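This report looks at how one pair of helices is packed, at the surroundings of a ligand, and at a loop residue. The sequence and structure come next.

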Amino acid sequence: MSRKSEGRRSKAEWVAGCTLHVADRKRFSNFGFVSDFEFRISNFCCRVSMCLPLLILLAASGCRRDMFHQPSSKPLESSDFFQDNHMASRSLLQHTVARGHLDENTVLYTGKIGTNLVDAFPFSITRTVLERGRERFDIYCSPCHGRTGEGNGMIVQRGFPAPPSFHIDRLRKAPVGYFFDVITHGYGVMYSYAERVQPTDRWAIAAYIRALQRSENATLAEVPPEQRTTLEPKK
Ligand code: HEC
């Protein structure tokens, strides 16, 4: 047992903060730590092991730096290499478009001619398109607008503001380009679906909304004769 003077020990304790309090020491002595020296060593090891994860983390982040900060420039990054544009790459030529984004057909991509909404579809509407439209509508629109477009979807029943029914006169008379435009840009509290619904699918949805509107306002005379019997009320 190497016991130094009490005064020196307590000073070292205070300066290094590396030894345990007397009470702790008593507790630890139950585990067989008997000398000051052993106390200090064990306490020091304890502290080092607590800091170890931090040290490893610091060392690991140090390794990453070289790979992370490459001396090469990224395209379009600001740089003094080209004096005319202060970018790391040459200026883009006029009218450059990103690959796959040459949206020349403005009707297909905006639903407008100039500033006027179009009232005709930019491609022919087949049964397949309508089925696609129904599928997309049921996924993206029915939670609020309801499966039949009446504006009573489940989210509305749970408190979201109710949209108007698609069967009101104003929306029945609205040009198809209007539905495309609302899906693209959103409307009031309804947010844009441009990220989730691609342009051709927006048209398919618009076509299906037209079908829904028709279904609520058609007369029996408009149904093909061979199918009327299935709709007529049984006597
Ligand atoms: C999260 C709920 C929600 C979803 C999902 C949603 N809408 Fe809406 N929609 C609304 C609300 C609410 C309004 C009314 C907004 C207002 O008046 O502020 C609205 C308005 C509209 C309007 C305009 C109605 C008018 O008064 O002129 C159209 C068209 C429309 N939605 C179509 C769609 C289509 C198509 C989809 C699917 C791609 C869709 N909505 C998805 C909630 C939703």
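## Crossing of α9 and α10

In this predicted model, helix α9 passes helix α10 in a right-handed crossing. The two axes, that of α9 (residues 176-185) and that of α10 (residues 199-217), come within 9 Å and cross at roughly 130 degrees. Since angles over 145 degrees count as roughly antiparallel and those from 65 to 115 as roughly perpendicular, α9 and α10 are therefore oblique to each other.

On the α9 side, the contact is made by Val176, Phe179, Phe180, Ile183 and Thr184, which meet Arg202, Trp203, Ile205, Ala206, Ile209 and Arg210 of α10. By residue class, this contact comprises eight nonpolar residues, one polar residue and two charged residues.

## Shell around the ligand

Helix α9 also takes part in the surroundings of the ligand, where α9 and α6 (142-145) each supply at least two residues of the shell. There are 20 residues around the ligand, and those that come nearest are Cys141, Cys144, Pro163, Gly188 and Met190. In composition, the shell divides into 18 nonpolar and two polar residues, with no charged residue.

## Arg196 in the connecting loop

The loop between α9 and α10 contains Arg196. This residue has 12 other C-beta atoms within 10 Å, and because a count of 12 or fewer marks a residue as exposed, Arg196 is classed as exposed. Although Arg196 and Tyr140 are 56 residues apart in sequence, their C-alpha atoms are 8.6 Å apart in space.

How values were computed: Residues are numbered from 1 along each chain as its sequence is written. This is a predicted model: local features need pLDDT of at least 70, side-chain atom pairs count only at pLDDT 80 or more; totals for chains, interfaces and linings use all residues. Axes are lines fitted to C-alpha atoms, for helices over the stretch in contact, and angles run from 0 to 180 degrees between N-to-C directions. Helices (H or I, at least four residues) and strands (E, at least two) are DSSP runs, numbered from the N terminus. Angles under 35 degrees count as roughly parallel, over 145 as roughly antiparallel, 65 to 115 as roughly perpendicular and the rest as oblique. A crossing is left-handed if the near helix is turned anticlockwise from the far one by less than a right angle, and right-handed if clockwise. Two residues are in contact if their C-beta atoms, placed from the backbone, lie within 7 Å. Ala, Val, Leu, Ile, Met, Phe, Trp, Tyr, Cys and Pro count as nonpolar, Asp, Glu, Lys and Arg as charged, and the others, Gly among them, as polar. A residue is near a molecule or strand if its C-beta atom, placed from the backbone, lies within 6 Å of it. A residue is buried if 20 or more other C-beta atoms lie within 10 Å of its own, exposed if 12 or fewer, and partly exposed in between; C-beta atoms are placed from the backbone.
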